[in-house]
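Trainee: Please take one buried position in this chain and go through its surroundings closely. I would like to follow the packing outward from there.

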Amino acid sequence: MGGMGSVPMGGGMGGGEAAAVPDAPPPDQDVCCTPADEMLANMGLGPPPDGASCRPPPPPPPLASLAPPPGETSLRVAVLTTSDRAAAGVYADASGAEVQRCLREYAASGAGAGWRLELAASEVVPDDADAISEVLARWADGDVANLVLTTGGTGLSPRDVTPEATLAVVQRTLPGLPELLLGEALRHEPLAALSRAAAGVRGKCLIVNLPGRPRAVTQNMGALMPLLAHAVRELED
């Protein structure tokens, strides 16, 4: 598990004398499933132009006018990456690092001025439902975080089990968040319709599934972040 504070999340967890972890996959490769570039090419869609910004896009119009709650909001965030290959050290965890980058950037902006952000924990686990559920329950029940963001394992592959692992842990589902994130993702990527992401609450901890591709993470975070302080404040009441 990653350290406390703002230490960026590293690569996967491997055993023995594994070879050096190569560079992270390109932004249009799904770190939890399979490379997406062939499917995109078949649909007449290509990668972003060279030099395109990976900054989160503006939130959808209804969220753009959403004012943050008054005062400060403590956000203790844990990031869980689910990926067989990242956990085995085949490549570095790019999507978990992107989640953290988006959070830091938003907290430093005017929109996140009321955030007191703590990146409390990070971990990379294989696509195994029991392993995923164990980490989610441990973080929520141990008060490690009041917000857990997972990345990866939300597609149709037999190894994509993050939604099932999440639903096995949460006590109340929050269907509106996946619907919002899906609507935002479909503005950029038709294949987002294949997502099975889930969200819910365990105790006073909000758990949200994000996709596995870094570029899709960026798009989802742009829609999600304006709501996070409101959600956490409601859970504290």
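Mentor: A residue counts as buried when its relative accessible area is under 20%. The model here is a predicted one. Leucine 80 has a relative accessible area of 0%, so leucine 80 is buried. Leucine 80 belongs to strand E1, which covers residues 73–82.

Along the chain, leucine 80 and valine 148 are 68 residues apart, yet their C-alpha atoms are separated by 7.4 Å. Leaving aside residues up to four places away in sequence, leucine 80 touches Glu123, Val125, Ile132, Val135, Leu136, Trp139, Leu149, Thr150 and Thr151.

One of those contacts, Leu149, leads further in. With the same exclusion of residues up to four places away in sequence, leucine 149 touches Val77, Ala78, Val79 and Leu80, and also Val99, Leu103, Val208, Leu210, Met221 and Leu224. Leu149 is also among the residues with the most contacts inside the largest nonpolar core, together with Leu103, Met221 and Leu224; this core has 28 residues. Two or more residues come from each of E1, helix H4 (94–107), strand E2 (115–125), strand E3 (147–151), helix H7 (176–186), strand E5 (199–202), strand E6 (205–210) and helix H8 (214–236). H8 gives the largest share of the core, 9 residues. A second core, separate from this one, has 18 residues, including Ala121, Val135, Trp139 and Cys205. Val135 and Trp139 are also among the residues that leucine 80 touches.

Next come the two helices H4 and H8. Two packed helices are described by the angle between their axes and the distance between the axes. The axes of H4 and H8 come within 10 Å and cross at roughly 35°, and the crossing is right-handed. On the H4 side the contact is made by Ala94, Ser95, Glu98, Val99, Arg101, Cys102, Leu103 and Tyr106; on the H8 side, by Pro214, Val217, Thr218, Met221, Met225, Pro226 and Leu228. By class, these are 11 nonpolar, 2 polar and 2 charged residues. Val99, Leu103 and Met221 take part in the contact between H4 and H8 and also touch leucine 149.

Tyr106, in the H4 side of that contact, brings in one further feature. The count of aromatic pairs comes to 1. In this pair, the rings of tyrosine 106 and tryptophan 115 have their centres 4.9 Å apart and their planes at 45°, so the pair is tilted. Tyrosine 106 and tryptophan 115 are both buried.

Definitions and conventions
Residues numbered from 1 in each chain as written. Predicted model: local features only at pLDDT ≥ 70, side-chain atom pairs only at ≥ 80, totals over all residues. Heavy atoms only, no water. Helix = DSSP H or I, 4+ residues; strand = E, 2+ residues; numbered from the N terminus. Buried < 20%, exposed > 50% of the residue type's maximum accessible area, 1.4 Å probe, protein only. Contact = heavy atoms within 4.5 Å. Core = buried A, V, L, I, M, F, W, Y, C linked by side-chain atoms within 4.5 Å. Phe/Tyr/Trp six-rings, centres within 6.5 Å; stacked < 30°, edge-to-face > 60°. Axes fitted to C-alpha atoms, helices over the stretch in contact; angles between N-to-C directions. Left-handed = near helix turned anticlockwise from the far one by under 90°. Nonpolar A, V, L, I, M, F, W, Y, C, P; charged D, E, K, R; others polar.
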